[in-house]
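I opened my notebook to look up a few side chains, and I write down here what I found, entry by entry.

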Amino acid sequence: MRRLFFLFAFALSTLMAFWYSTPLWLPHTISALLPDNTTLISVDADVPRRNSWTIHTLHLSVTATETTPSAATQPTEIYDLLRRGPLDDLNALLARYQITIQRLIVTQGDTRWLGSAQFGKGRFTTHLSGELDSHSTLLSADINLDTRNLDGEISIGDQIQMKVSIKPSTSTLDGGLESRLEFSLDAAITDLWIEDGQPMQFGVPASNRNAPESVSATSAELQIQGALSFEQQSYTLTLDQNSHGLAQNLSGSGFTIPRFRAALRAPATLTLSDQELLLAPLRFTSNNLQISYDGTELPRFRVTGDVSLHNNIASGTVHVASRVSELSEQITISVPFSHQIDTGVGRGTVHSQAIRFSEQQRFLPSIIPNWRWPADLIAGSISLSGQLHWTRSDSAAKINVKLNKLDSFYREILFRGVDGTAMLDWPAARIAVEMSAEQLQAGMEMSNLELSASFVNGNAHIKTAQLVLFDGILSTSNINLDPQSIEFESLIKLRGIELGELLGIEKGIEGSGIIDGQLPVQVIDRTVTINDGELVARKPGGVIRYTGTVPEAVIRSSPELQIAVDALKNFHYKVLDIRASYAENGKMMLAVRLEGRNPEMKNSRPVNFNLNVTEDIPSLINSLMLTREISDGLQQRIEQSQR
């Protein structure tokens with residue numbers, strides 16, 4: 001009996017010794033469970049209780065390892081890890097125990113992480129915090145693994161907050177097994193900064209952002225839910241509808257967007273199988289897009305679009321809408337495009353609805369930076385079409401502007417019924433114009449204007465211009481114009497001018513005949529002069545009839561004048577030669593030579609006249625301007641544009 005008692009006592013003491021000495025083998029157990037790049041430095045633990053152990057301090061050291069593309073973790077490995085459960089080995093060993101680590105220390109080089117952890121019975125939770133060397137900010141992470149579902153919260157200072165959830169599952173699909181990782185990501189970032197060719201940075205003060213080619217945002221949000229499914233070497237990423245990203249105050253070189261949002265308008269699928277990529281349309285919106293060009297802000301735009309990805313090619317349509325502050329109608333432009341992601345090469349086409357104008361609303365000064373011309377559009381419409389091309393290093397655009405029954409003005413000159421095209425070439429900053437106008441009002445009625453011109457960097461070059469005046473044609477060519485200091489020389493050619501129409505602007509005289517000629521025009525500092533202009537009547541001549549009256553006092557003082565007046569009452573000329581000059585003071589001086597006769601006069605013989613006529617052209621034009629009919633609002637617009 002005593003022998004049995006001693007045997008029982010020895011066994012009990014052995015078990016108790018084994019029990020209380022358990023912490024001595026705990027380091028070996030922990031070391032066996034650690035990854036290859038992690039080493040146990042020290043462990044301080046209490047004697048385990050019935051169902052739990054408490055570890056006061058666990059110190060681990062992690063060695064950084066470089067990951068090559070061939071050794072990168074595959075989704076199947078992540079799935080196997082979660083499906084099997086990374087704690088299964090430990091749970092099999094300690095199935096009845098809950099292990100609590102009160103102080104967890106992880107060192108990696110000079111970086112030191114502090115935290116705590118608890119695991120056992122299929123559950124693992126941990127909290128780590130430390131300082132990132134690259135940003136000198138506190139990072140904290142809470143990770144939970146329960147029933148093989150992984151979720152956690154990560155924060156980096158005040159700049160990044162992130163929530164992650166991953167759940168593995170297996171289902172039967174078409175007679176085979178499909179592995180699936182369901183996930184959700186909810187992230188918020190502040191003070192985001194992306195420099196060309198550099199990794200994303202955050203928390204960088206604006207004063208330190210010196211790179212010209214960079215994009216920044218005061219805050220960004222990312223909310224994604226979806227699943228990753230895979231079978232053998234085929235992977236499919238599915239993103240739920242309404243997964244989206246949001247950036248506030250997004251800005252870069254030449255643009256600012258107060259709010260930019262991109263969201264899926266339908267569930268999206270990204271499939272990698274036989275090098276094939278498929279992605280359902282992504283919809284993005286940005287309100288109040290502000291673009292600056294040459295130091296001037298363009299009108300704000302609203303940009304929306306849909307993008308799809310297929311075989312490394314992104315394609316879709318972008319819609320640009322803008323309501324110019326003084327324009328009643330919204331401008332809407334659509335741009336279907338395609339972009340090859342690996343090469344960065346893309347192209348697009350441009351289409352727009354008709355943009356209409358009215359006399360009461362400014363347009364060109366509202367949308368074109370540094371608009372310096374006293375001109376604008378007041379009626380009719382335009383529409384856009386064109387081509388866009390871009391690469392990673394440059395971009396180009398050719399936009400065709402269709403003019404349809406436009407009315408416009410330049411200074412006091414009105415254009416009516418303008419049709420034609422304007423071709424915009426960027427980045428050459430060149431505009432080529434081919435247009436015609438039904439009517440041109442500049443005091444005198446002109447019609448059938450045809451113009452070919454180009455604008456480069458704000459300067460104009462008129463290739464050819466012609467119009468119908470007095471039933472004849474005026475034409476010129478090769479004129480260079482600077483809107484700030486208009487200086488040029490040009491030869492205006494006149495062909496087929498009806499003398500009767502020309503004389504019709506004056507009272508008391510009429511006639512017939514056809515005039516040809518040329519006027520050498522010089523403009524310096526907006527002042528027009530003409531030297532040695534020549535106008536000649538075509539053979540066989542024509543008729544001039546003076547229907548006015550000459551005061552009797554003048555006739556009595558010069559009896560020869562009566563003969564001249566009588567002859568001009570029905571003067572049939574064979575020669576009409578005019579030498580014209582126009583001075584800076586606005587006086588047109590005409591030296592007129594006439595040869596012919598009045599068949600109604602007795603003893604009618606050929607008569608030669610040499611007349612000098614002076615005309616105040618500005619006064620004549622002003623008097624003619626008064627006869628035109630335009631609205632008060634349009635007159636005010638014209639006056640404002642010239643200030």
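**Entry 1: an acidic residue in a strand**

I looked up D577 and noted that its side chain is joined to that of R579 by a polar contact of 2.5 Å (a pair of N or O atoms within 3.5 Å; within protein, one must be able to donate a hydrogen and the other to accept it, and residues adjacent in sequence count only if both atoms are side-chain atoms). I remind myself that this is a predicted model, in which local features need pLDDT of at least 70 and side-chain atom pairs count only at pLDDT 80 or more, while totals for chains, interfaces and linings use all residues. Residues are numbered from 1 along each chain as its sequence is written, and side-chain values use heavy atoms, with hydrogens and water left out.

D577 lies in strand β35 (strands are DSSP runs of E, at least two residues, and helices are runs of H or I, at least four, numbered from the N terminus). Is D577 buried or exposed? I found that D577 counts as buried, at 14% relative accessibility (buried means under 20% relative accessible area, exposed over 50%, partly exposed in between, with a 1.4 Å probe and protein chains only).

**Entry 2: aromatic pairs**

I then turned to the rings, where the count comes to 4 aromatic pairs (rings of Phe, Tyr and Trp, the last by its six-membered ring, pair if their centres lie within 6.5 Å; planes under 30 degrees apart count as stacked, over 60 as edge-to-face and the rest as tilted). One of them, W373 with Y410, is tilted, at 6.2 Å centre to centre and 55 degrees between the planes. W373 is in the loop between α5 and β23 and Y410 is in strand β24, so this pair ties together parts that are 37 residues apart in sequence.
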